[in-house]
Amino acid sequence: MPLVPMRLVLDHAAANNYGVAALNVNNMEQIQAIMEAARETDSPVIIQASRGARSYAQENYLRHLMLAAAELYPELPVVMHQDHGNSPSTCYSAIRNGFTSVMMDGSLLEDAKTPAPYEYNVKVSREVVQVAHALNVSVEGEVGCLGTVGQTKSDAPKVASTEPHDADLEQEPEPEMAHLTDPDEAERFVAETKVDALAVAIGTSHGAYKFTAQPTGEVLKMSLIEEIHRRLPNTHLVMHGSSSVPQELQDIINKNGGKIHQTWGVPVEEIQRGIKHGVRKINVDTDNRLAMTAAIREVFMKSPEKFDPRDYLKPAREAMKKICIARMVSFGQAGNASKMRAAKLF
Ligand code: G3H
Ligand code: 13P
Ligand code: ZN
């Protein structure tokens with residue numbers, strides 16, 4: 001079974017009012033965790049790889065792992081998506097390596113840091129759409145930049161580190177600042193580029209440190225999703241930075257020698273509200289990272305004598321599978337792979 005374009009999955013999700021988790025991978029165990037979760041829940045699958053993941057795993061390994069997934073799970077439609085492509089050439093190299101969907105993130109310049117002018121975003125996104133659509137590859141664009149609402153860099157929480165050299169720990173909680181999506185611009189952008197899906201900035205950010213308390217509508221602007229959906233009822237909306245950062249995983253990590261500063265993520269109920277208003281793709285990476293790390297830390301603390309990587313990678317894979325199942329069920333994609341197959345969509 002070939003990998004399928006993302007448009008096919010998102011069109012079915014829109015027609016049947018559900019959302020699909022887009023899950024990041026870097027290695028074999030993560031791909032296995034997602035595929036097993038999808039088989040158990042009968043879910044269509046979106047697997048995505050960042051530029052960092054592609055360079056970590058190497059193109060050939062990643063391509064063959066994805067082909068193995070498609071071969072081993074012929075009953076499931078699987079999308080292979082480039083997460084946050086920083087330039088047309090990144091998107092084209094993904095397509096050459098078998099990706100069936102790409103994100104051209106022209107909300108930032110090629111350095112993937114500097115907010116880009118609107119005209120630049122339209123130019124690169126439109127160019128990628130023209131090439132990708134000719135090859136039956138889907139395209140996600142983004143308007144607005146992710147980040148935390150209403151904070152300045154100096155307001156950002158800092159870990160009071162007792163270890164003077166722990167520079168990473170002190171830097172990690174600093175959120176980026178948000179440039180929320182302007183609904184007028186979103187409307188123009190979709191008309192001018194013809195992207196298949198649109199990522200919107202509503203106050204979420206990547207990583208574990210999203211909110212310093214349970215988020216309210218002041219910092220997590222779900223109302224903006226509703227406004228954008230009202231104007232673009234036929235556009236598939238995408239929520240990035242959508243990990244929920246479960247307290248339970250923070251606690252397991254901290255109990256087992258880790259140091260996660262107290263933090264809050266995006267509640268699953270808020271994502272479900274988004275799904276009622278046009279959100280079709282929900283990006284989740286951090287929750288799976290936390291789940292794997294919690295499982296590995298537990299093995300290391302409880303059984304320090306173990307040294308066979310399978311002794312900790314197997315529980316890590318199981319822990320990630322559990323998170324994937326939970327998200328697939330709560331986003332509503334569970335039960336839909338067989339419906340897509342019955343409708344002869346793949
Ligand atoms: O875009 C954010 C994803 O979590 C991927 O992260 O760039 O560290 O692979 P990464
Ligand atoms: P999280 O860091 O919230 O998992 O977001 C991942 C993401 O948006 C990948 O593009
Ligand atoms: Zn993202």
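Here is a short chat about a predicted model, covering its two ligand shells and one pair of packed helices.

Biologist: Which residues surround ligand 1?

Modeller: Keep in mind that the model is predicted. Helix 3 (51-57) and strand 3 each give at least two residues to this shell. The full set is Asn24, Ser50, Gly52, Ala53, Asp83, His84, His206 and Asp285.

Biologist: And how many of the residues around ligand 1 are polar?

Modeller: Sort that shell by residue class. One residue is nonpolar and two are charged. The polar ones number five.

Biologist: Moving on, which strands each supply at least two residues of the shell around ligand 2?

Modeller: This shell has 13 residues, and the closest are His240, Ser243, Asn283, Asp285 and Thr286. By class, the shell splits into 10 polar, two charged and one nonpolar. The strands you want are strand 3 (78-85) and strand 8 (279-284).

Biologist: What about the helices: is helix 2 parallel, perpendicular or oblique to helix 13?

Modeller: Helix 2 covers residues 28-41 and helix 13 covers residues 309-331, and their axes lie 8 Å apart. The two pack at an angle of about 45°. Angles from 65 to 115 degrees count as roughly perpendicular and those under 35 as roughly parallel. The packing angle therefore makes helix 2, relative to helix 13, oblique.

Biologist: How many nonpolar residues are in the contact of helix 2 with helix 13?

Modeller: Helix 2 passes helix 13 in a right-handed crossing. On the helix 2 side, the contact includes Ala33, Ile34 and Ala37, while helix 13 brings residues including Leu313, Met320 and Ile325. Three residues of the contact are polar and five are charged, and the nonpolar ones number 11.

Key: Residues numbered from 1 in each chain as written. Chains lettered and ligands numbered in written order. Predicted model: local features only at pLDDT ≥ 70, side-chain atom pairs only at ≥ 80, totals over all residues. Near = placed C-beta within 6 Å. Helix = DSSP H or I, 4+ residues; strand = E, 2+ residues; numbered from the N terminus. Nonpolar A, V, L, I, M, F, W, Y, C, P; charged D, E, K, R; others polar. Axes fitted to C-alpha atoms, helices over the stretch in contact; angles between N-to-C directions. Parallel < 35°, antiparallel > 145°, perpendicular 65-115°, else oblique. Left-handed = near helix turned anticlockwise from the far one by under 90°. Contact = placed C-beta atoms within 7 Å.
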